[in-house]
Amino acid sequence: MDQSLEDSSSKEEISRVLEVLEALKQASHELQTHASPIRGESNSPAIKALLELETESDAILSKDPHLSTLSRHLANLKSLVDTLEKSHGLRSFLTRRVSTHSISRVANSIESEIQAWIDRESVEKLSKALKFSSENEEELVGLLEQLEKRLSEGFDRELQGLVLKSKMFSNLERILCDSSCSQRLREQCAFVIAALIKFNKDVFAGQVLMGPMVHALLSMASWKSLKVLCSLIKSIKSPLVDEIESNGEIPKIISFLDYKDLQMRVLAMDVILEIGYFGRKEAIDAMIKEGLIKKLVELQRSELGGDLIDIGRFDEKENNNNNRENEGKKENRESRQKRFLESHPFASCVARFAVQLEVGEGLRQRERRAFKQEILERVKEVSASDAEAATIVAEVLWGSSP
């Protein structure tokens, strides 16, 4: 009972500190954004807020050794503002300019120190929660969402150090691969892993390639897991496609095109297009042998299919004397095509796949030519009519570069 009360008190204390720090961070950010390098408005709302918080937060900050640097920055800010307020007249112009620049620099340091403290607390709290993932799923998912958002803000060396030191990646992977955990939790772990790869591919991509993560994502068979897989392929490129192919996962991916759920089929199509762009000969071979072209022709034939060839050739034969008018027409065509694809996600999907092979990174030139011919032959074999085959063949030939 005593331990429980102590933990509750500790949480409340951290919550109070966090509330003060968030207010300080916001005021610091506003000061950097709105600081005037000439006038040096020492009476600005941001400076007032910082100085008021500096007075109120002194007792709170003094209790945490990690916040001692922040306390010094706040004291330095107060001193700079005092200097600024005492400088008057033209002779003090340079002094005011230097002081204002220094205030902006100190505000940046304050914001950085606060973010470092928040990151440290967040990573520590999340690491503990990951170890006891079955106890409070709602809280854990919330913490994972917070980290995903923080990672999306861009690279930060200190944050990376905290993540590596906590060995968080292995815990995320453990939960992702644990079928006894809820799908919601597993998917959120997958989103954080994808965010880590975008955050710093060089550090974290190797762990994806060495682990069972791809198999776990495909086993979940949800549109969110496919979205993560698509993101991972874009980030890691050919090495991940090689891993997918060598582990025999291509048939599973192709099978998602048969799902009743539209979102699953659309995300499966996205994954296939990414594999087409980054995949080497073995991966493309595996997809075609699995009957991909037949499935794509069937999807293109469906109500959600159609073709883009006419939209792409829109007013191609008109005289183009007015460049500004032509540019407007081009934008209009692109806009129409985008809207058409939103309502017909499988339109021209055979040609779109062929183009990915043509412009992608995984194939040699002679392999591109050979696959193009194979796609054309298979289209003729599986088309329901000569007219359908002619349309798709024309799209493949027109859509790919010579």
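## Starting at a loop

Where is the place of Leu-67? Look in the loop between helix H2 (45-61) and helix H3 (68-86). Although Leu-67 is in a loop, this residue is buried, with a relative accessible area of 1%. Leu-67 also has a partner from further along the chain: Ile-114 is 47 residues away in sequence, yet the two C-alpha atoms are 8.1 Å apart in space.

Keep in mind throughout that this is a predicted model.

## The overall picture

What you're looking at is a protein with 21 helices and zero strands. There are 402 residues, and 44% of them are buried. Take the contacts with a separation of 6 or more: 73% of those are between residues 24 or more positions apart.

As for the outside, the accessible surface comes to about 21,900 Å². Carbon and sulfur atoms account for 49% of that surface.

## The largest pocket

The largest pocket has a volume of about 1,100 Å³. It is lined by 32 residues, and the ones closest to its centre are Glu-121, Ser-122, Lys-125, Leu-126 and Leu-143. If you want to find the pocket on screen, those five residues are a handy place to centre the view.

Which helices supply at least two residues each of the lining? They are helix H1 (2-34), helix H4 (93-131) and helix H5 (137-151). H4 gives the largest share, with 12 residues. Sorted by character, the lining of this pocket has 14 charged residues, 12 nonpolar ones and six polar ones.

## Two lysines with positive phi

Two loop lysines have backbone angles to check. Lys-167 has a positive phi of about 55°, and it isn't a glycine. You'll find Lys-167 in the loop between helix H6 (157-166) and helix H7 (168-176). With a relative accessibility of 59%, Lys-167 counts as exposed, because the cut-off for exposed is over 50%.

Lys-237 is the other one to look at: its phi is positive too, at about 65°, and again the residue is not a glycine. Lys-237 is in the loop between helix H11 (223-236) and helix H12 (238-246). Is Lys-237 buried, partly exposed or exposed? Partly exposed, since its relative accessible area is 31%.

## Helix H7 and Val-208

Step past Lys-167 and you're in H7, which is mostly covered: seven of its nine residues are buried. Those seven are Met-168, Phe-169, Asn-171, Leu-172, Glu-173, Ile-175 and Leu-176.

Two of the buried H7 residues, Phe-169 and Glu-173, come up again with Val-208. Val-208 is found in helix H9 (residues 201-210) and counts as buried, at 1% relative accessibility. Leaving out residues up to four places away in sequence, Val-208 touches Phe-169, Ile-193, Ile-197, Met-213, Leu-232, Ile-236 and Leu-240. Glu-173 is 35 residues from Val-208 along the chain, and their C-alpha atoms are separated by 8.8 Å.

## Helix H19 and its neighbours

Why is helix H19 (residues 349-359) described as largely enclosed by the rest of the structure? Because eight of its 11 residues are buried. The buried ones in H19 are Cys-349, Val-350, Ala-351, Phe-353, Ala-354, Gln-356, Leu-357 and Glu-358.

And what do these buried residues pack against? The list is helix H14 (262-278), helix H15 (281-289), helix H16 (292-301), helix H20 (365-382) and helix H21 (386-399).

## Aromatic pairs

The model has four aromatic pairs. One of them is Phe-256 with Tyr-259, an edge-to-face pair at 5.2 Å centre to centre and with 80° between the planes. Phe-256 is buried, with a relative accessible area of 0%, whereas Tyr-259 is partly exposed at 30%.

Tyr-277 and Phe-278 make another edge-to-face pair, with centres 4.8 Å apart and 75° between the planes. Here Tyr-277 is partly exposed, at 23% relative accessibility, while Phe-278 is buried with a relative accessible area of 6%. Both calls come down to the cut-off, because buried means under 20% relative accessible area.

How values were computed. Residues numbered from 1 in each chain as written. Predicted model: local features only at pLDDT ≥ 70, side-chain atom pairs only at ≥ 80, totals over all residues. Heavy atoms only, no water. 1 Å grid on protein atoms, 1.4 Å probe; cavity = no way out; pocket = protein on both sides within 12 Å on 5 of 7 lines; lining within 4 Å. Points joined across faces, edges and corners; volume = space filled by probe spheres on them. Helix = DSSP H or I, 4+ residues; strand = E, 2+ residues; numbered from the N terminus. Nonpolar A, V, L, I, M, F, W, Y, C, P; charged D, E, K, R; others polar. Phe/Tyr/Trp six-rings, centres within 6.5 Å; stacked < 30°, edge-to-face > 60°. Buried < 20%, exposed > 50% of the residue type's maximum accessible area, 1.4 Å probe, protein only. Contact = heavy atoms within 4.5 Å. Areas by Shrake-Rupley, 256 points an atom, 1.4 Å probe, with all protein chains shown as cover.
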